[in-house]
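Reader: I'd like to walk through this model loop by loop and helix by helix. Let's put it on screen before we start.

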Amino acid sequence: MTDYVVDLAARHAHLYAVEGVFAVAPGASELSLKLPVWTPGSYLIREYERHIQELVATSTDGAALAVAKTDKATWRVQTAGHASVKVRWRVYAWDLTVRAAHLDGSHGFWNGACLFLYAEHLRHQPHRVRVKAPETWTITTALELVSDGVYLAADHDELVDSPFEVGSHELVEFQARGKPHRLAIWGQVSTPRQELVGDIVKIIDAASEIFDGEVPYAHYTFLLLSSPGQYGGLEHARSCTLLTSPFTFQPRAKYEEFLELVSHEFFHLWNVKRIRPSVLGPFDYQQEAYTRSLWVMEGITSYYDRYLLVRAGLQPPQRYLEKLAEELAKIRALPGRFRQSLEESSFDAWIKLYRPDENTGNSTISYYLKGGVVALLLDLHIRARTEGARSLDDVMRALYRRARTTKTGFADDEVQRLLEEASGIGLQEFFDVLVRGRGEIDPTPFLRTVGLAARPEEASDGGPRGFLGATLKEAGDAVRIASVLEDGPATSAGLYAGDDIIALDGFRVSLSTFKERLGLLRPGEVAKLTLFRRDELRTLNVPLGPPPVESWEIVPVTDSTEAERAAYQRWLGAAWTPPE
Ligand SMILES: [Zn+2]
């Protein structure tokens, strides 16, 4: 048993005081303690150890012990013959994200990776945490409560996988699938609780129906943190953290995005927490866990997150198709779709997806975005090839049963075979083109199987607008070029990321007036830009190009067959409706 105490007394300084008592391995003169350098589910080396300070070690009766750091995340304690040692450290926690730790006068939220040093030889034994917080505060975590303020994790993995929310948050308890669930709410959430819980239960029901109607836990905890400008989620085996803005809860379209987040993190409790590549559990917390299969974990989950809303009756099919069309348009706007396959995007998550820069759109494609669309195409493909006998649901169920039986992950090169076995169809070409390939996605043959087609949406206000080929953001009084599209008009004219535009055709602009006035120019017309580049004033003439297709729509085909209409009904649970 490893015992920890987490004290929140220095909350206004955002410092957790942590104490750990570690048993020394028999005969060992040294004890190595490490902190994870990343949190499972967030694929970037974050070096949480940079927030550790004031670490001291003593014997359990208080005699000082020598400690030396041996690398960025390892502390070596001289045990001086003691059977166990006590180590204290403080953790600076001022990162309000789902993957990190935060502490202030209103609450403490943490992921175990940020707080708990661990000893390798004790990792598979139980870990106990005592939380010292103001008496009026509530402690919410998926870990088992063993006595007042004391929680038990079966091992270090469970400790890392069980975030804590400690504070004066609201706690809503409810039942779903016959199991107790809790929803902890920190910050402002305007949705009436009955409606919020009702919608979450619908998501739980819709997701569990895929997996034989079962939920693989005794209880489940949603930690909902609401703070302006925030968005993110992180999945765990028996809980999830949802971070969102107080302004997410209305209007309806925004609220549906929030429900998508709930659905996404909840679906992960099967897909990635249980169905997983072998490098994603048990984890090596000290280095990158490379896998070419994040598209399976995140892409398939991204497909189901919104699709489940349709199945749960929380989003109309038409809205679902509109969002799908937006995603197709987004992919088509990124030159990076020809530079990375889904497998490559997965593998390089650690250096690319989580570290976006001005070249990201030109050089990469997200395994969430493309992965979600490819998962949809896979579902439609399986449905069509098996004449409706099977779907991606059957695949996920089979993968889950395999994971439950074997309790192991899969190797990257097993993925195609596992999906083929579960679906009963060959997927060589599908994988070659859509998973391992870097080509254009053509959704046409897949959508046709459900009586639909994707087509560019016609511009609504007459002639085409001049196209600059750059993304913009506000920077003080200027309009900053955030990125430029490879081979676009901005690149051809020599406009660079970081340029600060102050005037268009001699008149000062803000972000909104720049967009407005640029929108009045036509392809072939020249935008005269006055800008600062590295503080030097310049003028640049940019001939505008023709716009790429900006939006797509998904529409019913005019000559659908009965089989296609039936397939649509099976897929979206509503009758196919003919074109207007
Ligand atoms: Zn995810």
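Reader: Which two helices flank the loop that holds Pro282?
Author: Pro282 has its place in a loop between two helices. Helices here are DSSP runs of H or I with at least four residues, strands are E runs of at least two, and both are numbered from the N terminus. For Pro282 the flanking pair is H4 and H5.

Reader: Before we go on, what kind of model is this, and what pLDDT do local features need?
Author: Residues are numbered from 1 along each chain as its sequence is written, and side-chain values use heavy atoms, with hydrogens and water left out. It's a predicted model: totals for chains, interfaces and linings use all residues, side-chain atom pairs count only at pLDDT 80 or more, and local features need pLDDT of at least 70.

Reader: Back to the loop, then: what is omega for the bond between Gly281 and Pro282?
Author: Most peptide bonds are trans. The one joining Gly281 and Pro282 is cis, with omega at about -5°.

Reader: And which residue does a cis peptide bond join to Gln250?
Author: The partner lies in the loop between strand E20 (239–244) and H4. Omega for this cis bond is about 0°, and the residue joined to Gln250 is Pro251.

Reader: Val272 has a phi worth a look; is the residue buried or exposed?
Author: Most residues other than glycine have a negative phi. Val272 isn't a glycine, yet its phi is positive, about 130°, and it's found in the loop between H4 and H5. Buried means under 20% relative accessible area, exposed over 50% and partly exposed in between, using a 1.4 Å probe and protein chains only. Val272 comes in at 4%, so it counts as buried.

Reader: Which residue, 33 places from Leu269 along the chain, has its C-alpha 6.3 Å away?
Author: Leu269 lies in the loop between H4 and helix H5 (294–311), and its relative accessible area of 0% is why it's called buried. Leaving out residues up to four places away in sequence, Leu269 touches Pro216, Tyr217, Tyr220, His236, Ala237 and Arg274, where contact means heavy atoms within 4.5 Å. The residue with its C-alpha 6.3 Å from that of Leu269 is His236.

Reader: How are the donor residues of the zinc ion spaced in sequence?
Author: A donor is an N, O or S atom within 2.8 Å of the metal (3.2 Å for Na, K and Ca), and with water not among the atoms, sites may look incomplete. The protein donors here are His264 (NE2), His268 (NE2) and Glu298 (OE), 1.9 to 2.1 Å from the zinc ion. Both His264 and His268 are buried. Along the chain, the donor spacing reads H-x3-H-x29-E.

Reader: How do helices H3 and H4 sit relative to each other: parallel, antiparallel, perpendicular or oblique?
Author: Axes are lines fitted to C-alpha atoms, for helices over the stretch in contact, and angles run from 0 to 180 degrees between N-to-C directions. Under 35 degrees counts as roughly parallel, over 145 as roughly antiparallel, 65 to 115 as roughly perpendicular, and the rest as oblique. H3 (residues 193–210) packs on H4 (residues 252–267) at about 40°, with the axes 10 Å apart. That angle makes H3, relative to H4, oblique.

Reader: How many nonpolar residues are in the contact of H3 with H4?
Author: On the H3 side, residues including Leu196, Ile200, Ile203 and Ala207 meet H4 residues including Tyr255, Phe258 and Val262. Nonpolar covers Ala, Val, Leu, Ile, Met, Phe, Trp, Tyr, Cys and Pro; charged covers Asp, Glu, Lys and Arg; the others, Gly among them, are polar. The contact has 2 charged residues, 1 polar, and a nonpolar count of 12.

Reader: What's the angle between H10 and H11?
Author: In this pair, Val395, Ala398, Leu399 and Arg402 of H10 meet Leu418, Leu419, Ala422 and Ser423 of H11. The contact divides into 6 nonpolar, 1 polar and 1 charged. The axes of H10 (residues 392–406) and H11 (residues 415–423) are 8 Å apart, at an angle of about 115°.

Reader: Is Asp535 buried or exposed?
Author: Asp535 is found in the loop between strand E26 (526–533) and strand E27 (536–543). Phi is positive in this non-glycine residue, near 70°. Relative accessibility of Asp535 is 75%, so it counts as exposed.

Reader: Last one: what is the relative accessibility of Ser162?
Author: Ser162 lies in the loop between helix H2 (156–160) and strand E15 (164–167). Not counting residues up to four places away in sequence, Ser162 touches Thr141 and Leu143. Ser162 counts as buried because its relative accessibility is 3%.
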